[in-house]
Structure formats: C-alpha cells, structure tokens
Amino acid sequence: MELSLSENEYRVLKALRAGEKLSLGELEERTGLDRQTLMAIAELLKDKGIIRVKRRVVYRCRPTEEGRKALGEGLPEEKLFRLLRELGGSAEIRRLVEELGRNTFSIGVGWLKKLGAAKVGGGRVALTVKEWRAPHRSLLEECVRGASVEEGSSGEKAFRELASRNLAELVEEKEFWIEVIADPGEVLAKARVEASRLTPEMLADGTWRSYVFKRYNVTAEPPRVYPGKKHFYVEFINMVRRVLYEMGFTEAEGPYVEMEFWNFDVLFQAQDHPAREIHDTFWLRQPRKGRLDEHSDIVERVRRIHETGGETGSRGWGYRWNPDIARRLILRTQTTAVSARVLAGSREVPLRVFTIGKVFRPDVIDAKHLPEFYQFDGIVMEEDMSFARLLGIIREFFERLGIPEVRFKPGYFPFTEPSVEGYIYIEGRGWVEVFGAGMFRPEVLASLGVEHPVGAWGMGLDRIAMDIMGLDDIRKLYTRRVDYLRETPVRW
Amino acid sequence: MPVIRLNPQRLLQLVDPSMTLEELGDLLFRLKCEVEPLETGEIEVEVNADRPDMLVSEGIARAAKGLLGKEKGIPSYRVVDTDYVLVVEKAPTRPYIALAVAYGVNVDEEYLTELVQFQEKLHTTVGRKRRKIAIGLHDLDKTPGKTIVYREAPLDTMFTPLHVGRRMSIREALKETPQGREYGSISLSPSGHPAIFAGSELISLPPVINSDITRLEPGTKNLLIDVTGTDLETVLATMDIIASNLAERGATIGRVRVEGLEEASYTPVLRTEKMVLDTDFASRWLGFRVTPSEAAEHLERMRLGARVLDEARVEAVIPPYRIDVLHPVDLVEDIAISIGYDRIEPKPLELRTRSKPLPRWRLADAARDLMVGMGFQEVLTFMLANPSDLERMRLAEDQILLENPITAELGGLRRLLLQQLLRLAAENQHVDMPLKVFEVGDVVAPDPGEETGARTEFHVAALVMSPRTGYEEVQAYLYALLRNLGVGFRIMEAEHPTFMEGRVARVVFEGGEGFVGEIHPEVLENFGIKYPAAGFEVDITGLASGAAPVARR
C-alpha cells in the first residue's frame, strides 16, 4: 500500500532524523508550524508508525523578583564568602553580623556550612576552601533562561530548593516529546505527498508531479459573495431615458424647490385650486418666498390671463391674482413645472424635450403611496403639433418600452385641453392607469409666450416600473434593506 | 377626483333600461368617468373635477343620452316666476346668495340620499370645502313665509339646528354641533354670523347647518335651495347646476326675485352663453379635419347648443350646467369626446429632432460602473430626509425645511447623501459584513442667491461599514474612482466634525470637491451604529455641468 502524506506531514518528516528525540518546542522552531497543528500531525505520524509521542509533566522554573535581585547583588552565602575572603579567611561572628546584618548572615552561614565551604567554632566562622561558586547561582541562571525539569528528577529537587528560598517558582507544564522510530528519509522516498493547493513553487520546480492533490467536496455550499450591483430602479429609469433619446427627445431638468408660479400659476391652475392646499403640496418653512423679478413679462401675462383671460379668447378664472401666493416656495408637485420653464425659454420649433425627476406630495406612506416619486414629463412643440400626433407619440413610446396596448380616456387637467388619461395593458394585471396627457391650453401657451401648439404628458414612473417589474409594493423601489437588494437578481 | 355612489338600476332607468351595466360602464368611460361595481350592489363612479354637473344621476344621464344620440342639444326645462322674494342685506364675510324654488321634485328615500351626496360633493369640489360656496336644501312647504332675508345675525339668535332637537343660540350651535366645530370659523365675524331668515325664523346658518324646521324628508314635494358664498360667479353657476339637474328630474324651476344685489335681479339665472368656434382651429388642434356641420353635431351630442355660422365657424351655446367651458379649446375637447378617443387615429412618430442627453448622466453612469466594480451596492434613498440627521453628523449647516411634513423624520430635503447612507447603515447592521453602499444623486442646499432660495448639487457618496474598515480603505476607493474618471485632484489634511480627527482629508479638483474619512465614533453612536464606518462624499456638480436646455437652479 502506498503511503500518502499531507503537505504538513511532509514538512514535519523533512525536519526529523532517524532515532532522535525532540520536544514540541524544538519541532516548532524547526518547522515554523504552530503547536496546535504540530500536535495534530504528530498524532497522524504516530498512527502511521513513524514516531512515538510521549507526554510528560515538566516544571518550568521562573525567577521571582527576589531571585532576580539576588542574581545582581549576590546571594547571602556569596556575600558572606566574599566578606570572609576579604578578612583573610576567618572572622568573628559579631563582626560579620555587624557588616551583613543578622538576616543575611544567618542564611549565608547556613548554606556555607551545609555546602561544606566553611565551619563555625569559637565564635568565629572560617572558610574551608579558597575558591567557591554558589550552586544556586547556576540554577538561578538556568531559571532566567526558562529551564524546565522532569517530574521526579534530581533537577526537580534542586529547583525546589530555589523555590523554598523564594528565589524562583515552578510552573507545571505538560510537554510532548517525539521519538522518531522509523527512518524519515526512507519513508519520504516511498510516500506520495498530498497537497491541498497547487503553488507557484510546485510549478516552478515541477514537483507538482510528486503530489497527490486532496479531493474536495465540490458540491458543498461556497461562501456567499455579494457583487456590487446597480440599483434596479435607476437602471429602469435609464432605460426609459434611452427610449426617449431614440425618439429624438432632449433631456431637461429643473429645481426641486420651486415657486408655486412655475408649478401652478403658469399652468393656469387657479390660486384656490384644491391641489394648491396644504394637504396636496409641501410648503417650505425655510426659505419661504422666491423671487419673480426676472420674469416680470410672464408674471404680468399670467395675472391677466388668470383674471380675465387676457387676449387669449378665454374667460379666465375671474378672481384677483395674488403675486405673493405665486412666490410661495414649495417642493414641486409635478415635473410639468420643468416643462413650463423650458417652454418659457424656447421659441424654436420643432422642440421635443423630456424630464425625469422626483416630485413631492404629502401622502402618508403605504403600499401604494409615497411622499416622493419619480415623474416623467414630455413636451412636443411643433408647427403642426396636434392631439392625434400626441397620441401617436405616446403610443410609440410605450411600444418601444415593450407595451403595445394603450387605451385613451378623456380626462381633466387644468393646463391641457383636450386632456387624456392613459391606460396600459399589463399581462396579469389588466389595464392600469399610468399617465395624463393633452394639448397645453391656449391660456398656458400665451402665458409662456409660446406661438406653436404644444402636446404634453406626465406620468408617475414608479407605477409603471412596479407594473413592469411585477412589484406589489411601491416601497420596494426605494427599500433601505440591503439584503433585499443583494438578493434581487439583476434585470436583463 | 370626486367619487360618488349610485344605484345602477336608477341610473340605467334614466339612461336606457335596455343597457347592461357593462355597456353603461364603457359609455361613462368615454365621458371621463370610471365605474367600479361594489359588493353592496351599488356602483362607484369617479367623475372628473371639471364636470360637477355629473355628480348626480340626472346629470350623468343627460350627458350619456347625448353621447348615445338619444337626446341632443340643450334640454328645454320648465321655468316659472314665483312670488318668493330674496332680500340681501349685509353679510360681509359671505356676501353672495342665490335662491331657487323647485316644484314637483318628489323626494323619495333613494333620491334623498343621492341629493345629499350631490350637495356634499359640490361642497368639497367647487365649494372648496364650503369656503367658496355652500348649499342649503329646504322643504319649500315647511318654509315659513315667502320673503327670505339674508343678513348677518347676532350670535345670540335662537334656532333649532338640523337633527339636534332643541333650540339653541348661534353661538351654542357653532360650539356644540359637529358641523359647527368643523365649519363654524369660515364665515364668523366679530359682530355675528351670516343667516337666512324666512318670516321671523332662521332657516339656515350658511355654510354650517340648516334649521330643523325646513328639513327634507322622503315625501317632500317642493324644494327651496340656497347657495351662499364669497364669489358671486361661483354662487350663480352652482345654483344653475343644481336647478338644471332638478329640472332634468322633471321639476319645474321657480325663479326668485332678488332685492339688494346689484348683479342679479332674480335667481336662478340659468345663464347660457354664446361662443364662436373656428373649425380650422379645431382641425389643426386635433390633427384631422372637422367640418362646421360635424362640429355642430358633436357639440349637440355633448348637450351644448350649436349652429353653423359659415364654412369655418360654429356658434356654440353653453348651457347653464356647463361651467368648464372657458375657451373655444374646451369645445374642441367636447368634439373629441363625442368622436371618441378610441376612434381618433394616432399619427405616427416622425423623427424631426436630434436628442441631447444631459451630460451628467454620462458622468453618473461612469461613476456607477466604477463603484459597482469596486464591490459597492448602489442604493436609492429619499430626497426627503430627517433634518436632525445633520446634527447627528455634528454639523450645523442650513437646510431646506418643510412647513407641513407628514412626519418629522421626513421634515426636510437631504443636504448630503451621507446622511441617508448613515441612516441606511444603521438599519442594516444585521447583514453580512462588509456593508459597501454608494449613491449618485442630487442634494439641495439653501441659497439666497437663487430665485427659488435653493440650489441643487450633484453628489457621489460611498460608505463602508465593517469591523475592520478604516480611512485607508475608503481613501483607496476614492482615489480609484477619481483616477479612473480621469480627474486630477489634490488631497489635503482637513477638519470635519463628521469624521475622526487626523483621519479626514479634503479632496479638491476642477469642478468639485469633497471629504473622505473615518466616521467619528460620536456620529456612529448618534445613529446607533455599532461598527466602524468610513466613507466619502464628493460634489461633482461642476464636473457634470454642460449645456442643458434649462439652467439648473
């Protein structure tokens, strides 16, 4: 049977020599693998009969604060030895106690006697040897180097002496030893090495041939990856834009904070129109009023047309128009305000312009309503612009969007006549009302100073997007749940 | 748009008893109405705001019969003079009034319900919630006396409010009745409240409540109707609509002599008006040819009067029940409706113009591609924002604030995209980390230099939230974004309260600037975010600018 080795087993075997014994610590140094890994590998090699693993308890010695001090200043027995030597080899006890203090003297003389380096008699201490090295110094030095001793050995006894003198402490450690019982060289020569990954080194030296590559569980669930994704609704809006570009429309934009003048008055919406009330329009607290001084011509025309119809042939609304109301600042409620600003500055025909942007209404949030949503307005000004042409352009737009069935119903908007409400047919949903359109009223054209007929439409893009994407809740278009966005597949 | 509930059988009876409900729905669709059957057996009809004459079955039937070709032109209603007199004295807070009498209305339970609904819908639409006009309906035979006086009455005047059951003062009625609490302040003046008297009795306190003594009941035969308001034109027009619809039911309209009103000597006026339609204008506007005789035919089907004047002109007569005809273009609409929008051939699109996309979308799309390429999820947050979030970001910047927000959390417009991204991060702490989100979009800043007091800026912002994110990571993304957009930039040490000191830098380039940094722990705490976060926000308005048909504000 062929022996197969993992990469790490290979690495460990390479570091071993036949017959040697070594600790885990040494093996750590040799292989660079951590303790945890090595213990696991040792088990595997043991099972393969290559090594034996021995566990034993050792005591690691650590010097105490006092021990470190003694190493520097000298142990009591060393101090006594030095003093005696200075005094010629012997001295009176009284004298020695005076010099060293009682404590140091007592400990020192005890150890010198015990170790046979001095004798006591007649009130005097005398050295019996000329040269002497304190055995506890060597032990302490070993301690500082982190020496350890096996349980029950003579070394342990010596270290315990140090501990009893409070110069060191012994910490119990379990240690693993490895005895190599087979010849690693032979094992390696016969074995195939298993590798978990292919490395550039294997390719460089061709050693990949000697490896067995580990089999993976290829049907296991991989870690989740969340690609960066574009927002699906932004992409939808871009698609609408592209359709309009293809139809020859130029894009315009206008301010979110708008004067009622551009949002309502210019569009022939009377100042007491219900849409201008607090329930249908967001008013601003800061700032409150805009400036109309740059538009005095239009303002004067709007005033006359609202009050009497001016020269338009209209009866007007028959009330006193108030410029202060027109200057009131709001969040635009319709992108038709942008269309109006465009027309106020455009005289040249043909003109085809669209705008897509957020509009705002004080609706409470539920599955069908949000206080802000995307609206999409289009205007076409041409010498021969007509209602029938407008219907054709709208039909074309939806056809290009992939919606061939459109239905027109008479409707009412203050600024268009005839006005039309539009329905599209969505598979599974039936007819859904999605837009309003019409020919701008002569009163609106005259207010803006426009000479040619203008067809216009406005539609809530959110509704169309929901219908096309099959969403049942408008809030999903603006969800703040990142997991929902991560899980929603990309539309293609 | 106003929605009314009707008994479909009654409506079918008036229009054409042989019709099915579905056919009726299709017919009404062509008349701007949407019909929805209800479980109760009733139908809900959505009527367009410009046609208050269709807020009751008789009005709908009149229009429907025209479109069916069963009746044409203006119906001739029976109108007689009466010996009722309306004396208009001073009521400065609500100066105008019109009265009408209707004989032979014959109110039954069903009609009473519909009539009250008609009255209420007129209040909410043309009446602007009773501020502009309000209507009172009385049983003529219970009305004490034939001289009706309209004047301001002192608040201690006593009467019995409708459905209250005891006499009380005007003051008490304004305080104690639900109608009083809702509408009591509309026409109240320091010296009193407008009131209508018959004999010595107060029969109506417009626009609040009627007196109980003239209460309508099933069995009431003849009506007295009052319309009061602040705008004479609307008062007279509304009265014309009500009178016409009672007459359509078969009632005889009685005119009341008016004293003390300069503009009218009797009411209802039942005004008709002539308007000339140039059929060349109509043809151009519609996009196909309409001859004068065709135009006249269509107008008559729409229940207007019409007469061909010559080969290019029709004289239309606008009946008293139509208040929506302001301009000949409104006649053009009626012609289109009579033809049927589904029978108008849409003209095919001709390519006559070359499109000009806004340059900023090219920039936005490039930036979006790059951010997505770096693993960021694009998000789309609201323009409406929580104004206190700027404070949470330790900023004191001016921002756009709303007068009437729906909730405090949506009380203003966003000044920075990061305020929305931080809020989003706070709500997404449970998802797998790292959270990497970005947005490209508009923010709004107050700006007294602009005519609207505000300017729009175009920003790109990104936020990373994860246990290990930091300055270096987002700085690397910002560098990659700008370098790949081909933007040369300078980066410098900066201070910004939203970010940690020493871990925020300002980036400046031609056409924009911004900040990049590690979000300050206090900001994270303020948003309830429990992970480190870092991000950047860059104003790219200048970079995105190009020739657009309208100046950005």
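**A strand pairing between two chains**

Strand β13 of chain A, residues 284-286, pairs with β21(B) in the antiparallel sense, and the pairing runs over two bridges. Within this predicted model, A:Leu284 is the residue that stands opposite B:Leu402, which belongs to β21(B).

That pairing can be placed in the setting of the contact between the chains, where 83 residues of chain B meet 84 residues of chain A. On the side of chain B that touches chain A, the elements that give two or more residues are the helices α8 (279-286), α10 (328-339) and α11 (359-373), together with the strands β19 (377-378), β21 (401-402), β23 (435-446) and β24 (454-465). Among these, α10(B) makes the largest contribution to the side of chain B that touches chain A, with seven residues. Sorted by class, this side of chain B holds 45 nonpolar residues, alongside 24 charged and 14 polar ones.

Turning to chain A as a whole, its secondary structure comprises 20 helices and 20 strands. The C-alpha atoms of chain A occupy a box of roughly 145 × 75 × 35 Å along the principal axes, and the radius of gyration of chain A is 48 Å, whereas a compact globule of 492 residues would have one near 23 Å. Of the 492 residues in chain A, 38% count as buried. When the contacts in chain A with a separation of 6 or more are considered, 68% of them are between residues 24 or more positions apart.

How values were computed:
Residues are numbered from 1 along each chain as its sequence is written. Chains are lettered from A and ligands numbered from 1 in the order in which they are written. This is a predicted model: local features need pLDDT of at least 70, side-chain atom pairs count only at pLDDT 80 or more; totals for chains, interfaces and linings use all residues. Helices (H or I, at least four residues) and strands (E, at least two) are DSSP runs, numbered from the N terminus. The radius of gyration is taken over C-alpha atoms; the globule rule is 2.2 Å times the number of residues to the power 0.38. A residue is buried if 20 or more other C-beta atoms lie within 10 Å of its own, exposed if 12 or fewer, and partly exposed in between; C-beta atoms are placed from the backbone. Two residues are in contact if their C-beta atoms, placed from the backbone, lie within 7 Å. Ala, Val, Leu, Ile, Met, Phe, Trp, Tyr, Cys and Pro count as nonpolar, Asp, Glu, Lys and Arg as charged, and the others, Gly among them, as polar. Two strands pair if DSSP finds at least two bridges between them.
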